[in-house]
Amino acid sequence: MATTTAPEDAPSAAKGAKGEAKRKQSNWRGGGGGGGGRGDGGQGQKRKRKEVFVYGNYRNYYGYRIDRNVDEDPRLKIFKREWFESKDCLDIGCNQGLVTIGLAAKFKCQSILGVDIDSGLIETANWNLRRMSRLDKVVVENTKAHKSSDSPSESCPEKVAPEISNGDISNGSHHDIFKVVSFRRENFVDSMCTSSEQYDTIVCLSVTKWIHLNWGDDGIITLFVKIWRLLRPGGVFIMEPQPWTSYRRNRLVSEVAKENFNTILIHPDKFREILLDKIGFRSVEVVTDKLEGAVTGFDRPIEVYHKVMGTGSSS
Ligand SMILES: C[S@@+](CC[C@H](N)C(=O)[O-])C[C@H]1O[C@@H](n2cnc3c(N)ncnc32)[C@H](O)[C@@H]1O
């Protein structure tokens with residue numbers, strides 16, 4: 001899977017997290033360094049402005065995290081079917097929704113909701129979903145046509161949209177992705193959860209650093225407690241935490257991030273202890289230490305936490 005640029009008719013991507021009004025942070029920083037005194041006839045004043053994604057709300061995330069030569073997000077290859085099949089799932093920080101849609105298509109979730117703080121990304125995710133749903137129908141039509149004719153079809157789905165190749169959409173069994181997947185703009189650490197909202201599987205991939213830099217240790221604890229509350233007993237929490245070494249690179253995205261970086265006490269190597277000893281998860285499985293097909297720097301371990309039956313809310 002590779003989506004390096006938004007397709008031409010995709011909604012125009014907003015630069016920052018449009019929906020996030022409470023914590024106004026600039027998504028733009030003057031770039032070009034130094035500035036002034038270059039005597040270049042005014043050209044120097046036209047400083048390039050560098051786009052800064054304060055929540056990790058990148059527009060072209062999958063373009064640089066996934067090797068061009070692989071056919072699906074490497075994380076989908078190592079996930080177990082039993083975590084998703086016929087389950088109600090939640091994907092926190094879903095970005096453009098490609099992993100969310102991929103999980104639904106490959107593993108046949110009962111339902112999956114993708115939430116992201118950035119309304120522009122949610123728009124793109126919905127656009128991807130509509131596109132995938134149309135494609136899904138083309139596959140079903142083609143499968144029917146193939147059964148009644150030997151001629152090769154021109155509208156082979158792999159040729160139509162190679163960039164959305166997460167999951168097996170060509171097995172001919174009709175699973176209406178549009179009814180299964182939904183997206184919602186939400187700041188997960190700030191929103192209230194209703195008592196009726198419960199999931200069997202919660203996925204949080206490469207999001208912890210952004211929550212940590214923007215909301216500090218309190219944000220991380222809120223994230224974990226909320227995930228625990230939203231999970232049904234017997235459910236799983238799948239997390240891909242970024243290592244502490246990668247925080248340094250992003251600590252200057254905003255003043256808030258800089259301040260939090262300097263005051264964070266709970267480093268990511270403590271997450272496991274907190275989830276097991278304080279939050280209430282009973283066991284952890286480290287699924288992989290090496291993700292094949294991931295670009296260097298993205299081959300992070302993925303941890304799966306189990307909430308056993310008969311365990312209630314954490315205090
Ligand atoms: C680095 S991307 C990871 C995308 C995706 N989970 C994946 O691994 O393919 C981090 C995503 O988390 C989202 N995000 C950051 N803070 C969030 C919050 N408080 N609530 C919801 N989404 C958030 C960002 O907008 C961004 O899309």
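Which loop is Asn95 found in? Keep that in mind while you look around; the tour gets there after a few stops. What you have open is a predicted model.

**Whole chain**

Start with everything shown as cartoon. The protein has 315 residues, and 35% of them count as buried. Its secondary structure comes to ten helices and nine strands. Take the contacts between residues at least 6 apart in sequence: 76% of these join residues at least 24 apart.

**The sheet**

Now select the strands β3 to β9. These seven form an open sheet with mixed pairing, and the order across it is β5-β4-β3-β6-β7-β9-β8. Colour 181-185 (β5) and 283-288 (β8) to see the edges: each of these strands has a single partner, so one of its sides has no neighbour in the sheet. From one strand to the next, the twist averages 20°.

Next, zoom in on residues 88-92 (β3) and 199-205 (β6). The two strands run parallel and are paired over four bridges. Show Leu90 and Ile202 as sticks, since Leu90 has Ile202 as its bridge partner in β6.

**Ile202 and the core**

Stay on Ile202. Beyond its neighbours within four places in sequence, Ile202 is in contact with Leu90, Ile92, Ile227, Leu230, Leu231 and Phe237. The largest nonpolar core has 58 residues, and Ala104, Ile202 and Phe237 are the ones that touch the most other members. The biggest contribution to this core comes from α7, with eight residues. As a general point, nonpolar side chains in soluble globular proteins tend to be buried together.

**Helix α3 and its two ends**

Select 98-107. This is α3, which lies across β3, β4, β5 and β6 and runs at about 175° to β4. Is the helix mostly covered or mostly open? Mostly covered: ten of its ten residues are buried. Among them are Thr100, Lys106 and Ala104, the last of which you have already met in the core.

Now for the opening question: Asn95 sits in the loop between β3 and α3. Asn95 is not a glycine, yet its phi is positive, about 55°. Asn95 counts as buried because 24 other C-beta atoms lie within 10 Å.

At the other end, select Lys108, which follows α3 and lies in the loop between α3 and β4. Lys108 is another non-glycine residue with a positive phi of about 55°. Lys108 has 18 C-beta neighbours inside 10 Å, so this residue counts as partly exposed.

**Helix α7 and Lys209**

Jump to 208-230. Helix α7 lies across β3, β6 and β7, running at about 160° to β7. Pick out Lys209, which is in this helix. Why does Lys209 count as buried? Because Lys209 has 20 C-beta neighbours inside 10 Å, and 20 is the cut-off for buried. Leaving out residues up to four places away in sequence, Lys209 touches Gly56, Gln242, Ser246, Tyr247 and Asn250. Pro268 is worth a click too: Lys209 and Pro268 are 59 residues apart in sequence, but their C-alpha atoms are 8.5 Å apart in space.

**The ligand**

Finish by selecting the ligand and what surrounds it. There are 22 residues around the ligand, and Gly56, Asn57, Gly93, Asn95 and Leu205 come nearest. So Asn95, the buried loop residue from earlier, turns up again here. By class, the shell has 13 nonpolar, six polar and three charged residues. β4 and α7 each supply at least two residues of it.

Methods:
Residues are numbered from 1 along each chain as its sequence is written. This is a predicted model: local features need pLDDT of at least 70, side-chain atom pairs count only at pLDDT 80 or more; totals for chains, interfaces and linings use all residues. Two strands pair if DSSP finds at least two bridges between them. Axes are lines fitted to C-alpha atoms, for helices over the stretch in contact, and angles run from 0 to 180 degrees between N-to-C directions. Two residues are in contact if their C-beta atoms, placed from the backbone, lie within 7 Å. A residue is buried if 20 or more other C-beta atoms lie within 10 Å of its own, exposed if 12 or fewer, and partly exposed in between; C-beta atoms are placed from the backbone. A residue is near a molecule or strand if its C-beta atom, placed from the backbone, lies within 6 Å of it. Ala, Val, Leu, Ile, Met, Phe, Trp, Tyr, Cys and Pro count as nonpolar, Asp, Glu, Lys and Arg as charged, and the others, Gly among them, as polar. A nonpolar core is a set of buried Ala, Val, Leu, Ile, Met, Phe, Trp, Tyr and Cys residues joined through C-beta atoms within 7 Å.
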